[in-house]
Amino acid sequence: MPETAFEILKQAAIKQAYLPVKLAELSYQQPEEALRLLRNWGEGRQPIKNLFEEVTDLLQNEKRQD
């Protein structure tokens, strides 16, 4: 079933709201990566969706290694 515009916007808003939280969490585990992603976000070089996915992937990989 195709996503509605509302569902797409809702997911984008959720990602934007949680990105700072995820970046803060990543900063304790991989500070260099967190800073790189924060700069990408602040400089508008990477869309929120891609940033969020990259941050969550890095966090998941870190948890798998523990």
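**Buried residues and the nonpolar core**

In this predicted model, Q30 has a relative accessibility of 17% and therefore counts as buried, since buried means under 20% relative accessible area. Q30 is found in the loop that connects α1 and α2. When neighbours within four places in sequence are set aside, the contacts of Q30 are with L58 and E62.

One of these two contact partners, L58, also belongs to the largest nonpolar core of the structure. This core comprises 10 residues, namely L19, L23, L26, A34, L37, L51, F52, V55, L58 and L59. Three helices each give two or more residues to the core: α1 (5-29), α2 (31-42) and α3 (48-65). Of these, α3 provides the largest share, with 5 residues. In soluble globular proteins, nonpolar side chains tend to be buried together.

The surroundings of L19 illustrate how a member of this core is placed. With residues up to four places away in sequence not counted, L19 touches W41, I48, L51, F52 and V55. Among these partners of L19, the residues L51, F52 and V55 are themselves listed in the core.

A further buried position is occupied by a polar residue, T56, in helix α3. T56 counts as buried because its relative accessibility is 17%, and buried means under 20%. The side chain of T56 reaches the backbone oxygen of E53 at a distance of 3.0 Å.

Key. Residues are numbered from 1 along each chain as its sequence is written. This is a predicted model: local features need pLDDT of at least 70, side-chain atom pairs count only at pLDDT 80 or more; totals for chains, interfaces and linings use all residues. Side-chain values use heavy atoms; hydrogens and water are left out. A nonpolar core is a set of buried Ala, Val, Leu, Ile, Met, Phe, Trp, Tyr and Cys residues joined through side-chain atoms within 4.5 Å. Buried means under 20% relative accessible area, exposed over 50%, partly exposed in between (1.4 Å probe, protein chains only). Helices (H or I, at least four residues) and strands (E, at least two) are DSSP runs, numbered from the N terminus. Contact means heavy atoms within 4.5 Å. A polar contact is a pair of N or O atoms within 3.5 Å; within protein, one must be able to donate a hydrogen and the other to accept it, and residues adjacent in sequence count only if both atoms are side-chain atoms.
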